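Okay everyone, thanks for coming. Let's have a look at this one together.

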Amino acid sequence: MRLDLSSKLALVLLLWLCAFLLDWSINLILITLLILVRYLLPGYRPQSARASKSFNKFLFYGGTIVFLFAGINALFLRGGDVVLTIATLDFHEEGLMFGIRTAVRLLLLSISILLFFASTPLRDFIRFLQQKGLPPQLVLVLLLTLHFLDQLPARIHQVFVAQEARGAPVRAGIFSRSQALFSVVSPLVLSSIIESIDRGTALEVRGFLHKPVPMPAAAHEQRSRNLLTAAVILLSVAIIIYSVLRWLLV
Amino acid sequence: MAARLEIQGLSVRYSAGATPALNEVSVGMAAGSCCAVLGPTGAGKTTLLHVLSGVLGRHHSQVVASGSITIADAKFSPLPKIIQFPLVGLALQDPSVQISGIRDTVYDEVQFTLDNLELPSHEIRQRIPPLLKRLGIDHLSHRNPTTLSGGETQRVALATILAAQPSVLLLDEPTTALDLTARVKLHRILKSLREKTTVVVTDTHVDFALGVAHQIVVLDQGRVIFDGTPREFLAALENFESVLPAASWRRVRTLIKTAKEQPGSPHQRLAGRLGIV
């Protein structure tokens, strides 16, 4: 099944609602499904090897952060039973649950949005926004921001190499890295601002703000996709009603 | 169709009280001609191009300006306040920023400009292949535009602008990042545009400017200190040695030397046309 961008965005909205309204165990199942969905649904496959690698890296670091977050909360938020003792450190049930709930919520929020961008080419997203009649100025700002984020890893690498060539200890220990951070961040921010202004100007002089680009899709295909989007939105509404009822009844 | 360009007493300050970036600039350019604007860094070359393209009027609300600009039949007093697309095309100094990043191939990248013009698809198909061929990048049409060399990117950037068939083409220091071969190719492209488009090119390479331009304008601290033909410029050469880069003079001297030593060479033909030898 191929998903169009309306359905994918509606799914992101649904997942965000789930993250805030549903139990952490359901959210954990949703995260697992999201990790699997990129292998099962063509519309969610990462658009490039680089996107796939970045997504995997995020999963690794995300998992580590969830683990640490839960551990730290269990250590410092003392409430409920002690679930684990390592040496003289007690890990408490309430802190552990709070840590898991919050970390899983954050992970679901970030994975849903990351999977959307990893599987959606920038050009498709921009064209979609243009077709939906978003003001071209807003589309331009989004385009420049997303382009900047896309280019960020390569740019950081460039600045690291340049600063290293000047003798800055950018690859030494964590302390040296922190000290060198300013010398890395300043050129990164400055060059990014200048390039964004130039890129925006270049797009403007090529008529980007001239008029939106109409690109009608085949009518029947459009109808079925609209149905899917409507179904996802209905599900979102159902989850909201369920949460409100649960809150009222408990 | 190429357009006449007329700038009358144009003064521009980026804010009230600031030093003028352009000071009483008056220049006329014939339709279909090529004008090279020379000058040191900070002379006002880029500002002039941004004024003509409408970028300055649109992006800098605090600009204080006087004078007038006429492009074809459109008169702006003092500045155009909106981007003059597709009447005027502007190629920025760094060609890589000209690539949108939202198209996968060189062909699509060029088409992006025409999509913004909302041209019918049959006209788009008619326009792009000959343009790519003319610029010598037809073999790159299926390549990703972000993976090209500096010279190739420069030509693709030029194609993205020329696709809209602007009446006036503005090029901001197009030779900055180019090697000699790429400069020669750009030189040929600009020559092929004669009569079709009015070209204004800023550059610090005097030899390049002499090779392509019908008219040379020298700016210094926002003022026009010379406006004439390449031949007149060479006759008054020593007056501008302090405002233009030394490397350019060395190249002009090499050009004259080679022209004298190698009869029949391209250098000699150029030098002959300019009346150097």
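Phe116(A), Phe117(A) and Phe125(A) make up one aromatic cluster. Keep in mind that this is a predicted model. Over all chains, the count is eight aromatic pairs.

Take Phe60(A) and Tyr61(A): their ring centres are 5.4 Å apart with the planes at 65°, so we call that pair edge-to-face. Phe60(A) itself counts as exposed, at 57% relative accessibility.

Now hop over to chain B. Phe226(B) and Phe240(B) have ring centres 5.2 Å apart and planes at 65°, so this pair is edge-to-face. And where do these two sit? Phe226(B) is in strand 10 of chain B, while Phe240(B) is in the loop between helix 8 (230-235) and helix 9 (246-261) of chain B, so the pair ties together parts 14 residues apart in sequence. Phe226(B) is buried at 13% relative accessibility, and Phe240(B) is buried too, at 4%.

That brings us to the sheet. It's an open one in chain B, six strands in the order 6-7-8-3-9-10, with mixed pairing. Strand 6 (88-91) and strand 10 (223-228) of chain B are at the edges with a single partner strand each, so each has one side without a neighbour in the sheet. From one strand to the next, the twist averages 15°.

Strand 9 (residues 215-220) of chain B runs antiparallel to strand 10 of chain B, and five bridges join them. In there, Leu219(B) is opposite Val224(B). Packing on the sheet is helix 5 (residues 150-162) of chain B, which touches strand 6 and strand 7 (168-172) of chain B.

One last thing, back in chain A: the charged end of Lys8(A) sits over the ring of Tyr44(A), 5.2 Å from its centre.

Conventions: Residues numbered from 1 in each chain as written. Chains lettered and ligands numbered in written order. Predicted model: local features only at pLDDT ≥ 70, side-chain atom pairs only at ≥ 80, totals over all residues. Heavy atoms only, no water. Pairing = 2+ DSSP bridges. Helix = DSSP H or I, 4+ residues; strand = E, 2+ residues; numbered from the N terminus. Axes fitted to C-alpha atoms, helices over the stretch in contact; angles between N-to-C directions. Contact = heavy atoms within 4.5 Å. Phe/Tyr/Trp six-rings, centres within 6.5 Å; stacked < 30°, edge-to-face > 60°. Buried < 20%, exposed > 50% of the residue type's maximum accessible area, 1.4 Å probe, protein only. Lys NZ or Arg CZ within 6 Å of the ring centre and 35° of its normal.
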